[in-house]
Amino acid sequence: MTDMATRATRRVASPGGRRRLNGGGPRAGTVFAFVIPFFLPFVLFYLVPVGYALWQSVRVVRRTGGQYGTSYTTFGGFEQYTKVFQNDEFWSSVGRIGLFGIVQVPVMLFVALVIALLLDTPLLRLKSVFRITAFMPYAVPGVIAAIMWSYLYSPQLSPVVDLLNGIGLHPDFLGPGAVLWSAANISTWLWTGYNMLIMFSALQSIPQELYEAAKLDGASNWTIAWQIKVPIIAPSIILTTVFSIIGTLQLYAEPAVLRQISSNISSTFTPNMLAYAVASGNNYQQAAAISVVIAVITFVLSFGFMRLTSKRAGL
């Protein structure tokens, strides 16, 4: 084996060997053929729209000859961003979605973690049935899920509301103080199974020898779960948290559907809804600026959380 490795090294080091390795025209073409199916859509449907949004966000519409004069678009610098930061509706939507995320994300991830730990315990039977059942809501499109839950929230249609009214409770799931949490409930129902599956997959990769050693030391199932399993799958928990932060700032479908049956959800309820409402008024430059600001906030929060938690976890 040593002589063979030596001969191979000499061939690579020889000029002929270098020509054979570097003259990889067909190989380069093959690599390019595999890369282009990803690279081309990435450029066309990600980089180009992002670049166009950035360009639109620094443009403004001017008029000559007064309000009814001829309009033209020109470079405006940071004028659109100044309007965004001075927009009270934007900050109200950001505060609302911030409150949504502070409450909904920890609750959802905690429930997902508990389900993943229960599925990983050897005491549970019919694991595949429970796993599929927990993951099944993720297979429902977000709009369809919002429509289903809006039926359950509606005072005129919901059997749940009728049942609660019959026992003396009179819930108003679409009221001004509850509609945000009704939307949060839809998101929790929809995404808990997805996060659970990521955590459960991480749990499956833990060697069983660790559990056996812990049991020999007298550790209970509760101790194994919270002091061995949870710290080991911390990277997966961080990953799901980052995904949840990104998803929270992109919230649109749930409140947009509930808005059809509730007057307590305005067209500017979330930052994404505000951007859509502004774009619907043909103010594409302002909508682009709002979108860019949302993207920057999303990046700062998700990247900052990942860096902070990774350092504390020693990753």
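Author: Contact means heavy atoms within 4.5 Å. Keep that in mind, and note that this model is predicted. Let us start with one residue.

Reader: Which residues does Ile233 touch, leaving out those up to four places away in sequence?

Author: Five names to find. Ile233 touches Leu113, Met199, Ala202, Leu203 and Ile206, with residues up to four places away in sequence not counted.

Reader: How many residues does the largest nonpolar core have, and which of them have the most contacts inside it?

Author: A nonpolar core is built from buried residues joined through side-chain atoms. Here the largest one has 21 residues. Leu113, Ala116, Leu117, Met196, Met199, Leu203 and Ile233 have the most contacts inside it. Helices H5 (88-120), H9 (179-204), H10 (208-216) and H11 (221-232) each give two or more residues to this core. H5 supplies the largest share, 8 residues. Another core lies apart from this one. That other core has 17 residues, including Ile97, Leu174, Ile245 and Leu251.

Reader: At what angle do H5 and H12 pack?

Author: For a helix pair, read the angle, then the gap between axes, then the residues that meet. H5 and helix H12 (residues 234-249) pack at about 145°. Their axes are 10 Å apart. The crossing is right-handed.

Reader: Which residues of H5 and H12 meet?

Author: From H5 come Ile97, Phe100, Gly101, Gln104, Val105, Met108, Leu109 and Leu113. From H12 come Ile237, Thr240, Thr241, Ser244, Thr248 and Leu249. Sorted by class, the contact of H5 with H12 has 8 nonpolar, 6 polar and no charged residues.

Reader: Now the charged pairs. How many salt bridges does the structure hold?

Author: Look for a side-chain nitrogen of Lys or Arg within 4 Å of a carboxyl oxygen of Asp or Glu. This structure holds 3 such salt bridges. Take Glu79 and Arg62: their side chains meet at 2.9 Å, N to O. Glu79 lies in helix H4 (residues 79-85) and Arg62 in strand E1 (residues 59-64), so this pair ties together parts 17 residues apart in sequence.

Reader: What is the N to O distance between Glu79 and Lys83?

Author: That salt bridge spans 3.8 Å, N to O. Glu79 and Lys83 both lie in helix H4. They are 4 residues apart, about one turn of the helix.

Reader: Are Glu79, Arg62 and Lys83 buried or exposed?

Author: Read the relative accessible area. Under 20% is buried, over 50% is exposed, and partly exposed is in between. Glu79 is at 25%, so Glu79 counts as partly exposed. Arg62 is partly exposed at 32%. Lys83 is partly exposed at 41%.

Reader: And where do Asp120 and Lys229 lie?

Author: Their side chains meet in a salt bridge of 2.8 Å, N to O. Asp120 lies in helix H5 and Lys229 in helix H11, so the pair ties together parts 109 residues apart in sequence. Both Asp120 and Lys229 are buried. As for shared partners, salt bridges join Arg62, Glu79 and Lys83 into one network.

Reader: One more stop. Where does Gln260 lie?

Author: Gln260 lies in the loop between helix H13 (253-258) and helix H14 (271-280). At 63% relative accessibility, Gln260 counts as exposed.

Reader: How many residues separate Gln260 and Ser150 along the chain?

Author: Compare sequence separation with distance in space. Gln260 and Ser150 are 110 residues apart along the chain. Their C-alpha atoms are separated by 9.1 Å.

Note on methods. Residues are numbered from 1 along each chain as its sequence is written. This is a predicted model: local features need pLDDT of at least 70, side-chain atom pairs count only at pLDDT 80 or more; totals for chains, interfaces and linings use all residues. Side-chain values use heavy atoms; hydrogens and water are left out. A nonpolar core is a set of buried Ala, Val, Leu, Ile, Met, Phe, Trp, Tyr and Cys residues joined through side-chain atoms within 4.5 Å. Buried means under 20% relative accessible area, exposed over 50%, partly exposed in between (1.4 Å probe, protein chains only). Axes are lines fitted to C-alpha atoms, for helices over the stretch in contact, and angles run from 0 to 180 degrees between N-to-C directions. A crossing is left-handed if the near helix is turned anticlockwise from the far one by less than a right angle, and right-handed if clockwise. Ala, Val, Leu, Ile, Met, Phe, Trp, Tyr, Cys and Pro count as nonpolar, Asp, Glu, Lys and Arg as charged, and the others, Gly among them, as polar.
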